[in-house]
Amino acid sequence: MNHPPSSPLCSPLPGAGPDTTHYALPALAASAGVDIAALPYTARILLENTAHLAATGQADPALVAAVARWGADGSPTSDLPFRPSRVVLQDFSGVPVVLDLAALRTAAARRGLPAQRVSPVIPAHLVVDHTVRVDAAGTRDALRINTDLEYARNGERYTMLRWAEQAFPELRVVPPGKGIIHQINLERLSEVVRVTPGSDGRPLARPDTVLGTDSHTPMVGGVGVFGWGVGGIEATSVLLGEPVLMAPPRVVGVRLTGRPRPGTGATDLVLTITQLLRAHGVVGAIVEFTGEGVSGLSVPDRATVANMAPDYGATTAFFPVDEETLRFLRATGRSAEQVALVERYCRAQRLFHTGSDAAAVQYAEELVVDLSAAEPCVAGPSRPDQRLPLSAVPESLRAVKRPTDRARTPGAEQGAPGPSDGAVVIAALTSCTNTSHPGSMITAGLIARRAVELGLTVPSWVKTSLAPGSRTVPTYLDRAGVLEPLEQLGFGVVAFGCTTCHGMSGPLTAQAARAVTEEGITGVAVLSGNRNFEGRVHPQVRAAYLASPGLVVAYALAGTVDRDLTREPVAVAPDGRGVYLRDLWPDPAEVASVVQAASGPELFETVYADLFRGDGRWQALEAPTGELYDWPEDSGYILEPPYIDPQDTGLPADGVVGARVLAVLGDSVSTDHISPVGAIAPDGEAGRYLAGHGVPEAEFNSFGARRGNHHVMLRGTFGNPRLRNALADGREGPWTRHHPTGELVSIHEAAERYRTAGTPAVVVAGREYGCGSARDWAAKGTALLGVRAVLAESFERIHRSNLVGMGVLPLRFPEGGSREGYGIDGSEEVDLGSLSALRPHGPVTVRLRHRDGSVTVFEAIAAVETAREVEYLRVGGVLPFIMGRLVRESAR
């Protein structure tokens, strides 16, 4: 067969036949005078990506040698372009991406451009997993009830997705009820090595790489897939052919030694690593796990560790392919041909992990973690890096009690037991982090079976739920004989989605809600999730603890966290005997035996055979057709967004004058604080807006579901009930002080007043601003409130990128500087000096005009990473930039 000439960088893949080609990494490194063994594994993947871009005319060929010399000369000095193989989206962030694509098409058509010019150029999978809420729990028909309500609330959004499937050929939608994006990505979508047609028409083998609109996308690093989370704005640009331009990342090596002790699991390990790496400082870094300890970790163990990369601050986490990876691929139903391709390719490319290979890698920094040091633990009460041994949990509760909280036990006067401070009001087996781990889930099931045998029950105030990340989970639990005892304790399947982990926990039990609101107790959630920021899990929960599935069941049985489970009984059996954690916890050998017997490749093959086919509800939805979306005029869910063609032209070159401070915030303000996803409160700005448009309170739904309505989202920005703004005089929630009037008003009202007066706004914050989820509406809402700049001590990676993507300038205080150090109280007028020479990490003059007439001037640092980001800021964001590019290309 004749083929067009191939790139000189391409060569046949050994053992794959003469037609299959690849970019031979050892040869590329050698041509640059470098031993491939010195490069971090992820740098090798970046080298391959750069070679492909150079071979296809999308990058300077000289950059290939610069990346190849990574290990010898340090990181490359110029920006790296990166194009992933594919993009994955979850629906809360994915629906806005689809709407942005539709809006760009509409804007292009208005200019007379072909609508098809706006279409994804790489494959995208959108998994509908974030919308379902736990309205019903503890009953056998909870799954049906919650699914019915999900469709009733979200039919309009889902109809739009049916349109998108036919409008964008590269987009495939995984309908509701199939599982959680990251578990589906791990168990089915990830190929590890992909073969696609090369520029010469021959099959080209390349590493599977992925970007996802969820910060926990690095979970697939557990199976050797390189990827990370981005905001929806960046995902839109990547889908439309824009490269990710990134400053060369620092690669930190974590060498694992030892083996986990009996009784500790993957959750205990990841919470330990999260605390260690957050304390060390890996923000913006790539973390690679190597060493002899890796061989003792299963892929589900590794995926659990990689999943929480954003929670220890890393861009991504990565475990290189090894024999265990191949075993996992076989066990989850991948074909023998695919597994053989993965092994052949990774061995040829020196991407296959062995002890001798790993020892030669040169990292920017290297840490050693002894796996045997991990112990049973939880994280809380409000951050994933707050690791606590079980003995310290009761004391941690004291830190979250407000002075007004009353330590009462409702019903005590009548002699009836009831919830008191520390009562577990939510116990949820949920989240991709842990329900993807068969050993962890079987452990929870065996604990439940033992508890039922001993006659234990869960107290009536505890809302229990099981929301697996895959339909494989209840099948293997049932095969193991532990699904029924879980159901007897109330842990029946309520949904196949994220649920409680991101705030879709539904109402508390009536007993718990009364205890919180009327008696003032401090209610607590315990969940097998990955996020527990303030106000995220439930507005009536003051503290939330992340725990392994087994500990979730144990704390549900206890009914409280105000108990040291290492010394005190979990519960009392009907015969009066105290039942301790050691009485319930299964032996690791038993867990391994049960997992082996209950699972198998055929289970995964069966479950995933109809991944893209929805149930009868999905099939019954209207499926609109046509290239252009027909925007409804009176929708409460989907409106044409206003930021494709912003009225202003981006950051003014001559600077910003007379800006007012909209909020003064502290450290670790999460994207949950900035843009909540949970239920819309009737007494908030968004609730009043919906009521004013005739929407009954029962149909308010959540902020996450209404992300297609900018009017709702704008009013919910900074709407977290736990937000603490120094301008609000100690009042928690969406409040600020308007200047110069001095009135205490909602943040939305203050922003509207500033907008009417033509006054720009700024936000001032502390360290780790924007930590948490990859939530583009945290930036979109900020921009639509009229905020031109955010001045913080430091930013989390994704939110910083999202701010730039919306045309908002992120500024860092100079080293050692803070709002306290400069005396910022929020009453100042803020000027930003000339921005005509704005450059990555360059100085920006900040002039503070204080109330007393004094002036403070200092040089902030532009938290801008690349020259392309400066271009985005100049025109008002990524989407206007893309629109401008389309117009220019059409004019040629």
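This note walks through a predicted model, point by point.

1. **The barrel.** Start with the sheet. Seven strands close into a barrel. Their order is β24-β27-β28-β29-β32-β31-β30, and the pairing is mixed. Direction ignored, neighbouring strands of this sheet are turned against each other by 35 degrees on average. Keep one general point in mind: strands of a sheet pair through backbone hydrogen bonds, either parallel or antiparallel.

2. **A parallel pair.** Look at β27 (residues 761-764) and β28 (residues 787-792). These two strands run parallel, and four bridges join them. For one of the contacts, find Ala761, whose bridge partner in β28 is Val787.

3. **Antiparallel neighbours of β31.** Now move to β31. On one side, β30 (residues 829-832) runs antiparallel to β31, with four bridges between them. Here Asp831 has Arg847 of β31 as its bridge partner. β31 also pairs with β32 (residues 855-862), again in the antiparallel sense, over seven bridges. Arg847 has a bridge partner in β32 too, namely Val857. Arg847 is a handy residue to click on, as it links to Asp831 and to Val857.

4. **The hairpin turn.** How many residues lie between β31 and β32 in their hairpin? There are five. Gly853 sits in the turn and has a positive phi of about 90 degrees.

5. **Two faces of β31.** In a regular strand the side chains alternate between the two faces of the sheet. β31 (residues 843-849) shows this alternation. Val844, Val846 and Leu848 point to one face and are buried. Pro843, Thr845, Arg847 and Arg849 point to the other face and are not buried. Trace the strand residue by residue and you will see the switch each time.

6. **An enclosed helix.** Helix α8 covers residues 232-239. Why is α8 described as largely enclosed by the rest of the structure? Because eight of its eight residues are buried. The list runs Gly232, Ile233, Glu234, Ala235, Thr236, Ser237, Val238 and Leu239. Note that Glu234 is on that list. After α8 comes Gly241, with a positive phi near 100 degrees.

7. **Cysteines.** A disulfide is a covalent bond between the sulfur atoms of two cysteines. The model has zero disulfides, counting sulfur pairs within 2.5 Å. Cys771 shows the spacing: its nearest cysteine sulfur belongs to Cys501 and is 15 Å away. Is Cys771 buried or exposed? Its relative accessibility is 2%, so Cys771 counts as buried. Cys498 has a relative accessibility of 8%, so Cys498 counts as buried too. The cut-off for buried is under 20%.

8. **The second largest pocket.** This pocket holds about 1,100 Å³ of space. It is lined by 43 residues, and the closest to its centre are Ser298, Asp301, His437, Gly439 and Val591. Several helices give two or more residues to the lining, including α9 (266-280), α10 (299-307) and α16 (438-453). Which element gives the largest share? That is α22, with five residues. By class, the lining divides into 18 nonpolar, 17 polar and eight charged residues.

9. **The largest cavity.** The whole structure contains eight cavities of 30 Å³ or more. The largest cavity has about 210 Å³ of space. Its lining has 22 residues, and His130, Asp214, His502, Arg536 and Ser773 are the closest to its centre. The lining divides into seven nonpolar, ten polar and five charged residues.

10. **Arg536.** This residue deserves its own look. Arg536 is found in the loop between β20 (524-527) and β21 (543-546). Its relative accessibility is 7%, so Arg536 counts as buried. Arg536 is also one of the residues closest to the centre of the largest cavity. Arg334, in turn, is 202 residues from Arg536 in sequence and 37 Å from it in space, C-alpha to C-alpha.

11. **The second largest cavity.** About 120 Å³ of space lies here. Of the 13 lining residues, the closest to the centre are Pro310, Gly772, Glu796, Arg797 and Ile798. The lining has four nonpolar, six polar and three charged residues.

Terms used:
Residues are numbered from 1 along each chain as its sequence is written. This is a predicted model: local features need pLDDT of at least 70, side-chain atom pairs count only at pLDDT 80 or more; totals for chains, interfaces and linings use all residues. Side-chain values use heavy atoms; hydrogens and water are left out. Buried means under 20% relative accessible area, exposed over 50%, partly exposed in between (1.4 Å probe, protein chains only). On a 1 Å grid over the protein atoms alone, a cavity is a set of points where a 1.4 Å probe fits but cannot get out, and a pocket is an open set with protein on both sides within 12 Å along at least five of seven lines; lining residues have an atom within 4 Å of a point. Grid points are joined across faces, edges and corners, and a volume is the space filled by probe spheres set on the points. Ala, Val, Leu, Ile, Met, Phe, Trp, Tyr, Cys and Pro count as nonpolar, Asp, Glu, Lys and Arg as charged, and the others, Gly among them, as polar. Two strands pair if DSSP finds at least two bridges between them. Axes are lines fitted to C-alpha atoms, for helices over the stretch in contact, and angles run from 0 to 180 degrees between N-to-C directions.
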